[in-house]
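Work through the following exercises on a single protein chain. Each task is followed by a solution in steps.

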Amino acid sequence: MTEISSMRVFVTRRIPAAGLDRIVAACRAEIWDGPLPPPRDVLLEKVAGCHGIVTLLTETVDARLMDAAGPQLRVISNFAVGYNNIDIAEATRRGIRVGNTPDVLTEATADMAFALLISAARRIVEGQRYVLDGHWKTWEPLGHIGQDLSGKTIGIVGMGRIGFALARRCFGGWQMRVLYHDRQPCEQADRELAARQVDFETLLAESDFVSVHTDLNDATRGMFDATAFARMKSSAVFVNTARGSIHNQRDLHDALRDGRIFAAGLDVTDPEPPDADDPLLRLPNCIVAPHIASATVSSRSGMAEIAADNLLAGLRGDTLRCRVHD
Ligand code: DGY
């Protein structure tokens with residue numbers, strides 16, 4: 001077995017002990033302890049001479065960073081299921097293994113999408129603000145009217161693990177009709193949820209709720225723009241727990257402001273965090289959470305365990321537990 005105790009590793013943030021303790025015990029690890037990501041110039045210095053790096057979605061892992069690390073870099077272990085922050089083609093070209101942390105956050109992320117969907121549809125956050133601001137004077141027969149969920153249509157963009165988990169909740173809990181848009185058919189969804197694969201335009205036109213679960217790539221970047229929002233029902237709720245750049249934030253703002261769509265629930269924004277003066281944050285029909293879908297005890301511990309397994313396997317030259325490429 002390859003001896004890794006002298007190998008150097010940089011971990012760009014403190015992650016749960018379930019993974020971090022094993023990393024620290026196994027190799028020469030340096031952990032960035034700040035509450036914010038290391039500044040880019042510091043990151044480039046810190047990775048110099050490292051054999052492995054544990055990164056978060058806040059770090060851009062490109063050719064420059066790989067150059068700064070040096071030719072001994074063997075593995076990049078991303079503490080996330082998404083890896084749009086990493087130049088995979090460049091890593092592959094250099095023979096650097098890249099790992100991610102799927103599965104352990106599927107149910108937590110679907111729960112978050114579900115929470116945003118119902119909160120936006122039923123105007124729960126807006127209602128709380130109303131109470132806290134002292135506006136609640138009486139029961140209002142015409143006030144706070146939201147959208148029904150039972151028997152409606154959910155449109156899933158990206159029927160992978162998380163998309164399926166949300167569709168299962170909507171189908172089982174609210175007897176929703178399930179539409180999805182994906183490059184691949186999902187036989188399990190077709191069979192178990194009576195789901196129907198449709199083109200993007202049909203999904204937009206027919207769905208009462210549209211939830212994004214695709215990865216961020218050149219095809220999905222900005223796919224929810226003014227044209228897409230204009231095709232949706234004016235009663236529709238838009239949910240994004242995937243990546244903020246999949247929606248155009250200005251177009252989303254305009255659609256919500258003008259009542260083109262009913263409401264939105266976002267766990268992701270573009271950029272993150274949004275600018276403090278982003279007008280989206282002032283809209284009553286938009287809920288914004290700080291990218292917390294995987295923030296449960298078991299998900300984050302599971303992510304840390306997989307990140308450690310990936311890192312240590314990569315240092316040893318073994319196959320990663322969850323690898324993004326060969
Ligand atoms: C991921 O894993 O990609 C999420 O966005 C953060 O948990």
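The exercises below concern a predicted model.

**Exercise 1. Overall dimensions**

Determine whether the radius of gyration of the chain agrees with that of a compact globule.

Solution. The chain has 326 residues, for which a compact globule would have a radius of gyration near 20 Å. The chain has 21 Å, which agrees. Along its principal axes, the C-alpha trace spans about 70 × 45 × 35 Å. Buried residues make up 50% of the chain. As for secondary structure, the chain holds 12 helices and 12 strands.

**Exercise 2. A helix pair**

Classify the relative direction of helices α1 and α12, and list the residues that make their contact.

Solution. Helix α1 covers residues 17–26 and helix α12 residues 297–316. Their axes come within 6 Å and cross at roughly 25°. Angles under 35 degrees count as roughly parallel, therefore α1 and α12 are roughly parallel to each other. On the α1 side the contact is made by A18, G19, R22, I23 and A26. On the α12 side it is made by S301, A304, E305, A308, D309, L311 and L312. By type, these residues divide into seven nonpolar, two polar and three charged.

**Exercise 3. The surroundings of L116**

Decide whether L116 is buried or exposed, and find its contacts beyond four places in sequence.

Solution. L116 is found in helix α5, residues 106–121. Its relative accessible area is 4%; buried means under 20%, so L116 is buried. Beyond its neighbours within four places in sequence, L116 is in contact with V239, T241, G265, L266, D267 and I287. L116 and V239 are 123 residues apart along the chain, and their C-alpha atoms are separated by 6.8 Å.

Terms used: Residues numbered from 1 in each chain as written. Predicted model: local features only at pLDDT ≥ 70, side-chain atom pairs only at ≥ 80, totals over all residues. Heavy atoms only, no water. Axes fitted to C-alpha atoms, helices over the stretch in contact; angles between N-to-C directions. Helix = DSSP H or I, 4+ residues; strand = E, 2+ residues; numbered from the N terminus. Parallel < 35°, antiparallel > 145°, perpendicular 65-115°, else oblique. Contact = heavy atoms within 4.5 Å. Nonpolar A, V, L, I, M, F, W, Y, C, P; charged D, E, K, R; others polar. Buried < 20%, exposed > 50% of the residue type's maximum accessible area, 1.4 Å probe, protein only. Rg over C-alpha atoms; globule rule 2.2 N^0.38 Å.
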